[in-house]
Amino acid sequence: MEDWNKADITNIMSKQESAFIYFYTPMCGTCQVAGRMLEIVEEMTGGIFRKADLNYMPDLAIELKIESVPCLLILQNGLPAEKVYAFRSVPNMLGIVQRYLDKGQ
């Protein structure tokens, strides 16, 4: 997963594009596990995922109403379509991601 900064995220939102953006913090153990799950889902689906360290964009967290990490933000046409906080398992995340990939991401 490529790292994104706030400018990358606001750019894709302004272009009204779709994306999977994984918000995390480096010291979060649960984030490490969730990130690995998403890497597996990315390999399985061929979807393109990006990650962003929320420590560097607290104002964006407030704007997007991100309540905690880990968080997978799914953008559709530049707008938040879903926020996933409970990753549970690779099959669970695969099912969630596949719904959006079937719509054309």
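How many disulfides does a search of the whole structure find?

1. The search finds zero disulfides. The structure is a predicted model, and the points below should be read accordingly.

2. Two cysteines deserve comment in this context. The cysteine sulfur closest to that of Cys 71 belongs to Cys 31, and the separation of 9.8 Å is too far for a bond, because a disulfide requires the two sulfur atoms to lie within 2.5 Å. Cys 71 counts as buried, its relative accessibility being 0%. Cys 31 is likewise classed as buried, at 3% relative accessibility.

3. Helix 2 (residues 29–45) packs against helix 4 (residues 90–102) at an angle of about 50°, and their axes are 10 Å apart. Helix 2 is therefore oblique to helix 4. The crossing of the two helices is right-handed.

4. From helix 2, the contact is made by Met 37, Leu 38, Ile 40, Val 41, Met 44 and Thr 45; helix 4 contributes Val 90, Met 93, Leu 94, Val 97, Gln 98 and Leu 101. Sorted by class, this contact has 10 nonpolar residues, two polar ones and no charged ones.

5. Met 37, found in helix 2, merits a separate remark. With a relative accessible area of 15%, Met 37 is buried, since the cut-off for that class is under 20%. Leaving aside residues up to four places away in sequence, Met 37 touches Phe 87, Arg 88, Ser 89 and Val 90. Of these, Arg 88 is 51 residues from Met 37 along the chain, and the C-alpha atoms of the pair are separated by 9.3 Å. Val 90 also appears among the helix 4 residues that make the contact with helix 2.

Technical notes
Residues are numbered from 1 along each chain as its sequence is written. This is a predicted model: local features need pLDDT of at least 70, side-chain atom pairs count only at pLDDT 80 or more; totals for chains, interfaces and linings use all residues. Side-chain values use heavy atoms; hydrogens and water are left out. Axes are lines fitted to C-alpha atoms, for helices over the stretch in contact, and angles run from 0 to 180 degrees between N-to-C directions. Angles under 35 degrees count as roughly parallel, over 145 as roughly antiparallel, 65 to 115 as roughly perpendicular and the rest as oblique. A crossing is left-handed if the near helix is turned anticlockwise from the far one by less than a right angle, and right-handed if clockwise. Contact means heavy atoms within 4.5 Å. Ala, Val, Leu, Ile, Met, Phe, Trp, Tyr, Cys and Pro count as nonpolar, Asp, Glu, Lys and Arg as charged, and the others, Gly among them, as polar. Buried means under 20% relative accessible area, exposed over 50%, partly exposed in between (1.4 Å probe, protein chains only).
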